[in-house]
Amino acid sequence: MDAILSRLFSSEEEELYVLDCLGYFMIVMAACTFVALLFQDVPYGRYAPSTARFRVDARIAWFVQELPAFLVPFCLVVWTSSAKTSLLPNQLVISMYFCHYIQRSLIYPFLIRGGKPTPLDSFVLAIMFCMYNGYMQIRYLSHYADYPAHWVTHPRFIAGSVLWLVGWLVNMHSDHILRNLRKPGETGYKIPTGGLFEYVSGANFLGEITEWAGFALAGYSVHSTAFAISTAVVLSSRAVSHHKWYHAKFEDYPKSRKALIPFLL
Ligand SMILES: NC(=O)c1ccc[n+]([C@@H]2O[C@H](COP(=O)([O-])OP(=O)(O)OC[C@H]3O[C@@H](n4cnc5c(N)ncnc54)[C@H](OP(=O)(O)O)[C@@H]3O)[C@@H](O)[C@H]2O)c1
């Protein structure tokens, strides 16, 4: 793997420069996505166009599209001379990333009940994003990220780690609630209850946004910040869309429930 990287980049300075550019480019793309999502929903799940000709089974789509987010980083950590993986702050931030993606790519897809098939274009875009982000996060953290001495006791790192953990647990718990709304074989929609769904329609999205915001705080780089911004843009739009959709579909949808931020929004 080192041989591939040294063919792609003439020096470490060049690779670091490219990694930074990827981070800034992701922020620009998030801004463009924000504008696009004002006019259109993210086209998968309940918003997948039924006219899409090529669609991928939900479990296969989630497994295949999320797998590069685990495999690319795994190869980088195992098969490159990753200079920083022996350092505690780098290890901890890398562990946050892997905890999420081991669950998301190797476990979550096989728990899905009755998920809608994913249109081919959304599926391909998701694969590309997972490769891009997996390389950017873990190459930076495993080979370049330099944290100050005692970073793991810095309030920013501690706050970020706590946020990450709380967000991860909320995300997994909320996805568990959604999954259990359907009996095996069912594909329809019901009103979610319990956990943070008592307060917001997008509890799973709130968890994931919180998780990557914590990761950005603990990781403290343009790369982790770019991913947190990108996640917040996509998932806040999805939470608002789901909220409106629930109100349109269910007359008895709880009136006090907000879209994404409890009691506020
Ligand atoms: N980091 C990122 O940028 C990013 C981007 C996208 C997703 N994600 C994460 O990936 C996970 C899944 O995302 P998603 O957009 O697919 O979430 P979602 O729209 O809430 O759907 C999650 C699963 O639950 C089912 N479901 C949702 N609401 C339901 C209801 N009221 N009744 C019965 N079943 C229901 C869906 O079925 P259907 O497929 O039939 O709708 C789907 O299988 C979330 O944890 C999300 O945070 C992260």
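These are my notebook entries on a predicted model.

**Entry: the main core**

I began with the nonpolar residues. The largest nonpolar core has 47 residues. I listed those with the most contacts inside this core: L206, I209, W212, F215, A218 and A228. Next I asked which helices supply at least two residues each. They are helix 2 (12–36), helix 3 (58–79), helix 4 (88–111), helix 5 (120–144), helix 6 (155–179), helix 7 (203–219) and helix 8 (222–249). Helix 7 gives the largest share of the core, ten residues.

I also found a second core, separate from the main one. This second core has five residues, including V56, A58, A61 and W62.

**Entry: L206**

I picked L206 for a closer look. L206 sits in helix 7. Is L206 buried or exposed? I counted 26 other C-beta atoms within 10 Å of L206. The cut-off for buried is 20 or more, so L206 is buried.

Then I looked for its contacts, leaving aside neighbours within four places in sequence. L206 is in contact with V170, L196, V200 and L260. I placed V170 by its number in helix 6, which runs 155–179.

I checked one more pair, L206 and A232. In sequence they are 26 residues apart. In space, 8.7 Å separates their C-alpha atoms.

**Entry: helix 4**

I turned to helix 4 and its length. Helix 4 has 24 residues. From first C-alpha to last, helix 4 reaches 33 Å. That is close to the 34 Å expected at 1.5 Å a residue.

Where is the kink in helix 4 centred? The kink is centred on R104 and is about 35°. R104 is also one of the buried residues of helix 4. The others on my list are P89, N90, V93, I94, M96, Y97, H100, Y101, S105, Y108 and P109.

I then asked what covers these buried residues of helix 4. The cover includes helix 3, helix 5, helix 6 and helix 7.

**Entry: around the ligand**

How many residues surround the ligand? I noted 22. The closest are G45, G115, L178, Y189 and E208. Helix 6, helix 7 and helix 8 are the elements that give two or more residues to this shell. Helix 8 has the largest share, four residues.

I sorted the shell by class. The shell holds nine nonpolar, six polar and seven charged residues.

**Entry: looking back**

Helix 7 turned up in several of my searches. Helix 7 holds L206, helps cover the buried residues of helix 4, and gives two or more residues to the ligand shell.

Key. Residues numbered from 1 in each chain as written. Predicted model: local features only at pLDDT ≥ 70, side-chain atom pairs only at ≥ 80, totals over all residues. Core = buried A, V, L, I, M, F, W, Y, C linked by C-beta atoms within 7 Å. Buried ≥ 20, exposed ≤ 12 C-beta atoms within 10 Å, placed from the backbone. Contact = placed C-beta atoms within 7 Å. Expected span 1.5 Å × (residues − 1). Bend = angle between axes of the 7 residues up to and from the residue. Near = placed C-beta within 6 Å. Nonpolar A, V, L, I, M, F, W, Y, C, P; charged D, E, K, R; others polar.
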